[in-house]
There are 2 protein chains.
Amino acid sequence: MTKTIAKPRTRAGGRAARRQMRTARDFTMLPGLTNTLPHCELMDGAQVERIDAASMDILENVGVHFRDDIALEDWRKAGAKVEGERVYLDRGLVRALISTIPSDFTYHARNPANNVRLGGRNAIFVPMTGAPFLRDLDDVRRNPVLDDLAMFHKLSHMMPALHSSAHHIVEPYDHPISQRHLHITYSSMKYSDKTFMGMTTSPKNAEDVMEMCAILFGEDFMETHPVTTGNCNGNSPLVWDETMLGAMRAFCRRNQPVLCSPFVLGGANTPASVPATVAQLNAEALSALAYTQVIRKGAPAIYGHYLSTVSMKSGAPMAGTPEISQMNFMIGQMARYYGVPWRTSSTLGGAKTFDAQAGYESATTLSAVMHAGANYIWHSAGWNEAGMHCSVAKFIVDAEQCAMAYRMAQGLRWDDFDTALAAVPDVGPGGHYLGHPHTQENFQQAFFMPEMFDNNSIEQWVAEGSKEITERALTHARALLADYEEPKLDEGRNEALLDYIARREREIPAADELNQSY
Amino acid sequence: MTKTIAKPRTRAGGRAARRQMRTARDFTMLPGLTNTLPHCELMDGAQVERIDAASMDILENVGVHFRDDIALEDWRKAGAKVEGERVYLDRGLVRALISTIPSDFTYHARNPANNVRLGGRNAIFVPMTGAPFLRDLDDVRRNPVLDDLAMFHKLSHMMPALHSSAHHIVEPYDHPISQRHLHITYSSMKYSDKTFMGMTTSPKNAEDVMEMCAILFGEDFMETHPVTTGNCNGNSPLVWDETMLGAMRAFCRRNQPVLCSPFVLGGANTPASVPATVAQLNAEALSALAYTQVIRKGAPAIYGHYLSTVSMKSGAPMAGTPEISQMNFMIGQMARYYGVPWRTSSTLGGAKTFDAQAGYESATTLSAVMHAGANYIWHSAGWNEAGMHCSVAKFIVDAEQCAMAYRMAQGLRWDDFDTALAAVPDVGPGGHYLGHPHTQENFQQAFFMPEMFDNNSIEQWVAEGSKEITERALTHARALLADYEEPKLDEGRNEALLDYIARREREIPAADELNQSY
């Protein structure tokens with residue numbers, strides 16, 4: 001009789017299969033990359049000094065607008081000439097100030113195994129942030145909600161080459177804009193135990209992030225350990241505004257690093273020249289980097305930028321263009337000249353869908369920043385439509401691209417060279433290596449096999465449903481999410497975080513701010 | 001009365017508009033590129049010598065199969081040890097032989113303005129060849145005919161960054177395989193006056209190409225001037241076959257360069273190790289390069305390869321993987337070590353459609369070969385589906401990618417640096433540059449504006465029909481073809497070529513060979 005009672009094979013099989021896949025697939029984060037590629041340097045020493053001199057001339061003679069009373073007062077005290085909101089920065093003062101920025105530091109995650117080093121040859125990949133739309137698991141373009149953000153934080157957690165869950169990868173429209181930063185920060189902290197970024201959308205928001213970091217890491221720990229990073233965009237040409245400067249103070253006072261990021265639309269807010277654009281951008285970055293040291297001497301800070309060229313016809317930002325590569329090479333040289341860690345962007349691009357344009361743009365930029373020797377490679381996954389949407393499909397593929405760039409930049413494996421060579425006489429002319437023991441043992445280590453690229457014959461591809469990469473990546477994303485395991489927060493800290501959010505929500509007026517983007 | 005007779009405005013307007021567009025768009029070929037990028041070199045001098053020593057050990061101790069009686073006899077006469085079809089090459093002999101290969105040379109086109117230099121820092125972009133299918137102007141995948149090949153030759157002629165019309169970009173299935181090379185060669189010669197490639201599908205076919213080149217350029221001219229290039233693939237590991245060796249002799253005897261191209265499926269026909277794969281590939285290339293000098297001392301020759309890694313699951317070739325970039329960097333070093341011009345491939349990839357996979361693969365490979373310092377950058381436009389089809393849409397986009405890579409590799413423009421900087425105080429903090437005279441005058445020279453990338457807002461993109469890059473590129477291809485103007489062949493030579501083809505068609509049995517691929 002008993003043999004007629006069938007086991008629930010399908011469900012158990014499904015579970016077992018999933019468990020097996022989980023065992024097979026390794027979600028462990030790759031350590032922070034040591035990029036061994038030679039730096040692509042387009043400038044000789046004299047040209048680097050020419051850019052430096054041009055930037056210093058701009059700072060001394062044109063000056064920079066700091067549209068913020070506290071910053072102006074800080075600069076006066078620091079010895080700069082201040083006229084109205086314009087600050088003239090002497091090159092001696094700038095050099096003295098930036099000299100105290102650490103050339104590298106450890107960026108701490110709540111899981112210490114996921115700490116990463118920044119600066120020198122150390123590099124990390126950070127997903128995109130700031131998208132007011134997403135293309136979701138069905139490739140539908142729509143406004144995101146907090147659950148969508150959680151999904152991206154989960155995916156960031158699971159993709160080995162991503163070193164951060166960033167912050168508002170997409171904007172959660174189901175929360176009022178004034179309270180959104182609280183939920184974004186909590187989501188970054190909760191769904192991943194990698195490093196994350198802190199919101200800088202206002203000085204008060206930045207203070208909230210600092211408070212939440214203090215709950216998660218402890219106030220004392222923060223004093224001596226970077227645990228988050230905040231981005232502060234400049235308004236090129238040569239303007240820093242109150243929002244960004246206030247947020248910068250919130251971070252620097254707590255010893256947390258900011259990315260000092262001029263926002264460059266080459267040709268629109270810079271001169272129509274690659275070297276002159278770099279000279280202006282460099283002046284802007286230096287002015288903010290110097291200010292971080294006015295706020296707190298010795299605080300870590302990162303040379304940053306958003307970098308595009310613009311279409312002369314429409315004013316739209318362009319990506320994947322030759323000058324963006326060249327500027328990345330040059331800015332890398334400048335950041336190294338000053339000995340400051342350097343943030344750039346990887347996958348910038350303007351495609352509206354995940355079509356070939358998106359692939360060309362992303363791969364071109366990724367390659368350029370690897371050869372340029374960038375440290376903090378932001379917008380490394382998901383960016384599309386000039387940042388207007390984050391694409392789930394592209395997020396998955398970009399993250400694999402990061403893994404491939406990682407492998408390329410790791411350098412060559414020479415340790416088994418002689419063993420590998422010994423296979424040549426074994427196989428001999430006209431033979432093949434697939435059955436050779438060395439191949440069997442070393443293939444996977446020797447050659448990266450991208451999962452998101454389909455390299456089968458067209459017959460097999462058709463038999464499998466003629467799926468283009470978007471569909472394959474979305475299927476993969478669903479499979480990953482089914483396997484997601486939350487790296488639980490410490491219960492006490494979790495409760496303290498939730499209490500903090502609840503209290504701040506009571507304090508911060510929500511008003512009528514749903515469905516707005518920053 | 002007369003005013004009721006309307007002028008045929010539409011047609012005249014269309015013609016005028018077309019004429020204007022033709023004036024506006026410049027089809028002039030960009031001169032051969034001088035690649036100023038620093039070479040990405042992963043190996044130090046000792047590692048280069050380690051690869052060289054390993055390759056020489058393979059040549060001396062494992063040997064290479066030359067499956068061709070004439071080659072075996074040639075090698076015996078040249079002093080090599082020959083056992084059966086296996087040739088053992090002493091390193092001293094190899095070094096002596098390859099030392100007479102010119103380190104650079106001029107590759108002549110029938111329009112001398114389109115001559116290009118090869119070797120050293122000189123580089124050219126050559127479209128893909130050999131596709132048994134195409135994706136046509138309607139993105140339909142089908143067998144090509146001679147008119148399709150003519151279309152690609154016309155497009156090659158019109159795209160400024162392509163320096164060659166190659167040869168059988170697609171295979172013309174409407175001609176029998178035994179006579180196809182005649183029509184392919186004529187098409188290359190007729191529809192473009194850039195450089196072109198010569199068929200090497202058999203020794204006799206190669207002789208026909210030589211005869212046709214002699215008609216076009218004159219026999220004496222050919223004796224001292226390279227006017228075409230032929231590709232000879234090796235069968236890795238360590239085999240050269242009769243077809244390729246016979247074709248090689250046809251070219252070398254006439255002083256025409258061959259690309260000595262081991263056909264590497266990394267891990268399948270090479271060891272599972274990047275440096276060991278390069279060592280074997282290098283041995284293979286050296287053995288063929290050495291043989292070119294046995295055939296004719298001083299004949300130009302090119303270090304070549306087809307380079308992929310294979311999927312361990314399916315054996316399918318993979319592209320855009322990190323090891324292909326690394327191997328390109330290494331092989332570039334080896335070719336420079338021997339002082340021989342170097343051919344690689346650009347846009348290899350396995351995507352079945354022109355989706356994002358194709359974009360990532362192509363851009364990654366293109367970037368790698370630019371940083372690697374390649375001279376002869378083959379398969380630079382159109383390649384998809386592991387070479388099984390040439391895509392019209394991708395051809396157009398790839399050719400623009402070449403133009404962007406060209407611009408990137410040209411280096412920085414410093415001549416107007418001071419003038420450009422002078423705009424900074426003019427504009428000042430918070431201003432914009434779009435109206436500044438320097439911007440107006442220099443924008444187009446300063447920043448490349450890709451035509452195939454859409455960077456408009458999504459609203460505008462939707463208003464224009466939500467066209468992805470494939471559709472935009474096909475529209476562009478149609479517009480280009482409407483503007484095509486044939487660079488007429490000299491009448492006498494044209495007739496001589498047609499006579500030659502007619503005679504050879506009478507001599508070569510056609511048999512039942514339609515609809516076969518090589």
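This report walks through some strands, salt bridges and surface charge in a predicted model.

## Ground rules

In this predicted model, local features need pLDDT of at least 70 and side-chain atom pairs count only at pLDDT 80 or more, while totals for chains, interfaces and linings use all residues. Residues are numbered from 1 along each chain as its sequence is written, chains are lettered from A and ligands numbered from 1 in the order in which they are written, and side-chain values use heavy atoms, with hydrogens and water left out.

## Strands in chain A

Start with strand 13 of chain A, residues 258-266 (strands are DSSP runs of E, at least two residues, numbered from the N terminus). Since 7 of its 9 residues are buried (under 20% relative accessible area, 1.4 Å probe, protein chains only), strand 13 is largely enclosed by the rest of the structure.

Strand 13 of chain A runs parallel to strand 11 (residues 229-235), joined by 6 bridges; strands pair if DSSP finds at least two bridges between them. A:Asn235 has A:Phe263 as its bridge partner. Strand 14 (residues 301-303) of chain A also pairs with strand 13 in the parallel sense, over 3 bridges, and here A:Val258 stands opposite A:Ala301.

## An open sheet in chain B

Chain B has an open sheet of 4 strands in the order 9-8-20-19, with mixed pairing. Strand 9 (141-142) and strand 19 (383-384) sit at the edges with a single partner strand each, so one side of each lacks a neighbour in the sheet. Strand 19 of chain B runs antiparallel to strand 20 (residues 389-391), with 2 bridges between them.

## Salt bridges

How many salt bridges turn up over all chains? The search finds 56, each one a side-chain nitrogen of Lys or Arg within 4 Å of a carboxyl oxygen of Asp or Glu. One of them joins A:Asp418 to B:Arg50, with the closest N and O atoms 3.5 Å apart. That pair crosses between chains, from helix 14 (residues 417-427) of chain A to helix 2 (residues 45-62) of chain B (helices are DSSP runs of H or I, at least four residues). A:Asp418 is exposed (over 50%) at 52% relative accessibility, and B:Arg50 is partly exposed (in between the two cut-offs) at 34%.

Another pair is B:Arg504 with B:Asp208, at 2.6 Å between the closest N and O atoms. These two are 296 residues apart, in helix 18 (residues 491-507) and helix 7 (residues 203-217) of chain B. B:Arg504 is buried at 15% relative accessible area, as is B:Asp208 at 2%. In chain A, a network of salt bridges links A:Asp208, A:Arg503, A:Arg504 and A:Glu507.
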